[in-house]
Number of protein chains: 2
Amino acid sequence: MENSAKDDLSAPTKGAHLSTRMQKTRLSITRQARELTAEHGYNGFTVEQLCEHVGISRRTFFNYFPTKLDAVFGHDADDIPEGAVERFMASRPVGITGLSPTLLADLVAFVLEQLTFDEQAIVSTHGFFSVVHREPELLQRMMQVGPEKEAEFLNLIATREGVQPDHPGVMALVHFMHFAVIKSVDRYVSDSGQRSITDVFMEYITAAQDVISHPLTRNDS
Amino acid sequence: MENSAKDDLSAPTKGAHLSTRMQKTRLSITRQARELTAEHGYNGFTVEQLCEHVGISRRTFFNYFPTKLDAVFGHDADDIPEGAVERFMASRPVGITGLSPTLLADLVAFVLEQLTFDEQAIVSTHGFFSVVHREPELLQRMMQVGPEKEAEFLNLIATREGVQPDHPGVMALVHFMHFAVIKSVDRYVSDSGQRSITDVFMEYITAAQDVISHPLTRNDS
């Protein structure tokens with residue numbers, strides 16, 4: 001039982017700057033919780049059993065997450081590599097009005113940075129999300145968290161581009177990126193990682209570019 | 001209390017060919033059920049109250065739908081104008097290998113046929129779907145039905161195009177059409193129908209074409 005978080009942290013779940021060790025513990029809790037959920041179902045394990053897997057005390061657990069449900073869904077900051085958001089925001093070309101011509105390229109780079117950040121975690125996360133729909137508690141939380149995260153992402157891009165978050169093109173792009181991530185992770189996992197996640201992701205993007213660029217009306221009609 | 005369905009039908013919920021009157025009754029049940037759900041919540045009304053709104057007997061109700069949940073979700077055949085699927089399937093150009101160059105145009109025509117089929121129904125359906133996430137029973141059914149319908153649509157296109165249903169381009173296209181329908185219905189309803197659903201839908205499609213056609217990598221990187 002290592003990692004007693006309370007020593008160096010007053011409000012751990014809110015703190016933006018955790019020590020590396022604490023960040024690792026937090027991430028480890030979420031991963032183990034997801035693996036246990038995938039294996040035994042959300043109600044198939046207790047917080048105590050989760051703590052045993054992680055190698056922490058119950059008290060330490062509650063320093064990181066208020067509930068088991070929070071642990072399974074994880075901490076927002078653990079999804080994104082440090083500085084990735086800032087890099088994305090700074091990469092808009094100067095002297096442009098309206099959407100950047102590099103928006104798609106910058107988003108692809110941003111998403112790939114996240115996808116390749118931790119290729120190992122992809123498999124356990126995938127296992128977890130593939131059982132969510134069977135668990136009413138998880139499903140309900142996901143239906144809340146999913147749109148919230150999509151809205152955050154939308155706001156981020158809208159802010160960078162200086163447009164409203166309900167800009168049809170920005171909305172389509174966010175939605176499409178989300179789709180490409182989910183599908184490429186599915187494919188990556190079912191292929192047992194034979195191809196890199198980057199290759200699989202780019203295949204979805206280019207295939208979509210191809211079909212969506214076709215004409216909207218038929219010449220013969 | 002009109003419409004006693006049992007007289008002219010042995011297995012009504014399975015029958016592909018209902019009389020026009022019966023089809024109207026079935027559609028009317030679903031619409032009223034959705035309106036009641038939007039207004040009072042799924043558990044805020046009984047089958048008896050639903051029957052009263054439609055003007056049918058309880059017995060007639062069960063000739064159309066086995067449960068209240070089935071009534072709310074409605075009958076598949078009521079979503080699509082007659083012959084629309086057949087027209088879509090027949091519109092692939094001859095002598096083509098791989099994806100039709102008219103696929104996007106044919107899909108847009110197919111979706112618009114559905115969207116403009118019954119502009120009145122859009123508002124009540126929208127009201128219903130906007131409360132689904134608050135109702136565990138509805139949410140669970142939707143999580144099952146949604147992917148099933150998406151898979152059917154995917155199979156339809158894959159069959160027409162002679163490709164596998166997991167073709168990345170076809171998947172992206174189906175997903176994107178789904179997105180454009182949901183968003184344009186949202187916008188159409190919140191604008192109180194000031195613009196036609198066709199205009200709103202086409203705005204999403206063209207905006208998406210615009211952003212997704214941008215280059216995938218930056219020239220400067």
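**Exercise 1. Determine how the two domains of chain A are placed and joined.**

Solution. The centres of domain 1 of chain A and domain 2 of chain A, taken over C-alpha atoms, lie 25 Å apart. The model is predicted: local features need pLDDT of at least 70, side-chain atom pairs count only at pLDDT 80 or more, and totals for chains, interfaces and linings use all residues. Residues are numbered from 1 along each chain as its sequence is written, while chains are lettered from A and ligands numbered from 1 in the order in which they are written.

Step 1. The assignment for chain A gives domain 1 (5-73) and domain 2 (79-212); such bounds come from an automatic or database domain assignment.

Step 2. Of domain 1 of chain A, 10 residues are in contact with 11 residues of domain 2 of chain A (contact: C-beta atoms, placed from the backbone, within 7 Å).

Step 3. On the side of domain 1 that touches domain 2 in chain A, helix 1 (20-40) and helix 4 (68-73) are the elements giving two or more residues (helices are DSSP runs of H or I, at least four residues, numbered from the N terminus). Helix 1 of chain A gives the most to this side, with five residues.

Step 4. By class, this side of domain 1 of chain A has five nonpolar, two polar and three charged residues (nonpolar: Ala, Val, Leu, Ile, Met, Phe, Trp, Tyr, Cys and Pro; charged: Asp, Glu, Lys and Arg; polar: the others, Gly among them).

**Exercise 2. Establish the relation between chain A and chain B.**

Solution. Step 1. A turn of 180° and a shift of 0.0 Å along the axis lay chain A on chain B with an RMSD of 0.0 Å (least squares on the C-alpha atoms of residues with pLDDT of at least 70 in both). That is the relation of a two-fold axis.

Step 2. In the interface, 36 residues of chain A are in contact with 36 residues of chain B. The side of chain A that touches chain B comprises 23 nonpolar, nine polar and four charged residues.

Step 3. Because 100% of the interface residues of chain A are also interface residues in chain B, the copies meet through the same surface.

**Exercise 3. Identify the residues joining helix 9 of chain A to helix 10 of chain B.**

Solution. Step 1. From helix 9 of chain A come P168(A), G169(A), A172(A), L173(A) and F176(A). They meet E203(B), Y204(B), A207(B), A208(B), D210(B), V211(B) and I212(B) in helix 10 of chain B.

Step 2. The contact of these two helices has nine nonpolar, one polar and two charged residues.

Key. Two residues are in contact if their C-beta atoms, placed from the backbone, lie within 7 Å.
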